[in-house]
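Biologist: Before I take any of the terms in your description at face value, I would like to go through them one at a time. Could you show how each label follows from a value?

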Amino acid sequence: MVSPAIALAFLPLLFTLIIRYRYYFVLFYRAVLVRVVQDFLTGLSREERAFQYVLTHATPGNPDSILDAFDHWCSKVEFISNIGPKKGLVLDRLLRENSPLNVLELGTHCGYSAIRIARSLTIGARLYSVEMDKSNALVAEKAIRLAGFDDDMVELIVSTSEEVIPKLKEEYGVERLDFVFMDHWKRCYLPDLQLLEGSGLLSEGTIILADNVIFPGAPNFLRYVKRSGLYKCHMHRASLEYIRGIKDGMAELIYLGAK
Ligand SMILES: C[S@@+](CC[C@H](N)C(=O)[O-])C[C@H]1O[C@@H](n2cnc3c(N)ncnc32)[C@H](O)[C@@H]1O
């Protein structure tokens, strides 16, 4: 048995840890505990619950209202790792300033960032969005079409990035990529960047925006980018989507061309 005196001595340490890591507790509570309970109570996936909320609170054909409904649900109800409204502004600005024609997104999830990208595209531009999870892709497809974007503007590809990247030229007729948004599993960032380099789809000036490079983090990817000499790199520092207090960032890379 631990004596009450020893237990009391540990209380300050416990409080310090709770205060220091409170935002991580909040994240764990909202992303894991609430999700498990709600999955059990509703029999629906978290993504389906989010989409039901969007369906009942957003205006069809209005991408802004669909993004607002997602943002409200993710900040007040449950957590989903969409890029979110704050980091989303960086994505919006880069798209507005560069008017890319061919955009690739790795990691669609519920379609939040795909809608965000599509609403900034110019006429004739196209987004290829890759999602490996079939049930996430089903929700994303419904959300993207609800926002009013058809298959000509946003093509949702249900597969892994590793399988799709080598086929983009021949099967999807993509000649070059102007903008790549990476927001899938962080361990895939580096191998997929190298696949993109080998695919011949990157050309001088192609922008690659990689989310969550600080939290959960992609250290191998950042190390490679800095050492390779193939990219100009700029870090956009921010907090994690929907949880202030956890530091995160997006890496903006500009491809300088093959050496
Ligand atoms: C962080 S979420 C994407 C969020 C989305 N970009 C947004 O901001 O709305 C990551 C998604 O990437 C998908 N994913 C992870 N690794 C993948 C891979 N190698 N290929 C395709 N999809 C992947 C996961 O299934 C998950 O739905």
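Modeller: Let me begin with burial, where a residue is called exposed if 12 or fewer other C-beta atoms lie within 10 Å of its own, and buried if 20 or more do. Please keep in mind throughout that this is a predicted model.

Biologist: Why is Ser99 called exposed or buried, whichever applies?

Modeller: Ser99 has 12 other C-beta atoms within 10 Å, and because the limit for exposed is 12 or fewer, Ser99 counts as exposed. This residue lies in the loop between helix 5 and strand 1 (102–106), and its phi is near 40°, a positive value in a residue other than glycine.

Biologist: And what makes Asn212 buried or exposed?

Modeller: Asn212 has 25 C-beta neighbours inside 10 Å, and since buried asks for 20 or more, Asn212 counts as buried. Asn212 is found in the loop between strand 5 and helix 10, and its phi, near 60°, is likewise positive in a residue other than glycine.

Biologist: What makes the peptide bond from Phe215 to Pro216 cis or trans?

Modeller: Omega for that bond is near 0°, and the bond is cis. Pro216 itself has its place in helix 10 (residues 213–217).

Biologist: How do you know which strands are the edge strands of the sheet?

Modeller: The open sheet has seven strands in the order 3-2-1-4-5-7-6, with mixed pairing. Strand 3 (154–158) and strand 6 (231–239) each pair on one side only, and these are the edge strands. Neighbouring strands of this sheet are turned by 15° against each other on average, direction ignored.

Biologist: How do you know that strand 6 and strand 7 pair, and in which sense?

Modeller: Pairing asks for at least two bridges between two strands, and strand 6 and strand 7 (residues 247–255) have nine, in the antiparallel sense; they therefore count as a pair. As one example, Ser239 has Lys247 in strand 7 as its bridge partner. Helix 5 (residues 84–98) packs on the sheet, where it touches strand 4 (177–182), strand 5 (202–210), strand 6 and strand 7, and its direction makes about 165° with that of strand 5.

Biologist: What makes helix 6 mostly covered?

Modeller: Seven of the nine residues of helix 6 are buried, namely Tyr112, Ser113, Ala114, Ile115, Arg116, Ile117 and Ala118. Helix 6 (112–120) also supplies at least two residues of the shell around the ligand, as do strand 2 (126–131) and helix 8 (161–164).

Biologist: Which residues come nearest to the ligand, and how does its shell divide by class?

Modeller: Of the 20 residues around the ligand, Gly107, His109, Tyr112, Ser113 and His184 come nearest. By class, the shell has seven nonpolar, nine polar and four charged residues.

Biologist: How do you know that domain 1 and domain 2 are in contact?

Modeller: The domain assignment gives domain 1 (4–76) and domain 2 (84–255), and their C-alpha centres lie 24 Å apart. Contact is judged residue by residue, with C-beta atoms within 7 Å, and 19 residues of domain 1 are in contact with 19 residues of domain 2. On the side of domain 1 that touches domain 2, the largest share, seven residues, comes from helix 4, and by class that side has 13 nonpolar, three polar and three charged residues.

Conventions
Residues are numbered from 1 along each chain as its sequence is written. This is a predicted model: local features need pLDDT of at least 70, side-chain atom pairs count only at pLDDT 80 or more; totals for chains, interfaces and linings use all residues. A residue is near a molecule or strand if its C-beta atom, placed from the backbone, lies within 6 Å of it. Helices (H or I, at least four residues) and strands (E, at least two) are DSSP runs, numbered from the N terminus. Ala, Val, Leu, Ile, Met, Phe, Trp, Tyr, Cys and Pro count as nonpolar, Asp, Glu, Lys and Arg as charged, and the others, Gly among them, as polar. Domain bounds come from an automatic or database domain assignment. Two residues are in contact if their C-beta atoms, placed from the backbone, lie within 7 Å. Axes are lines fitted to C-alpha atoms, for helices over the stretch in contact, and angles run from 0 to 180 degrees between N-to-C directions.
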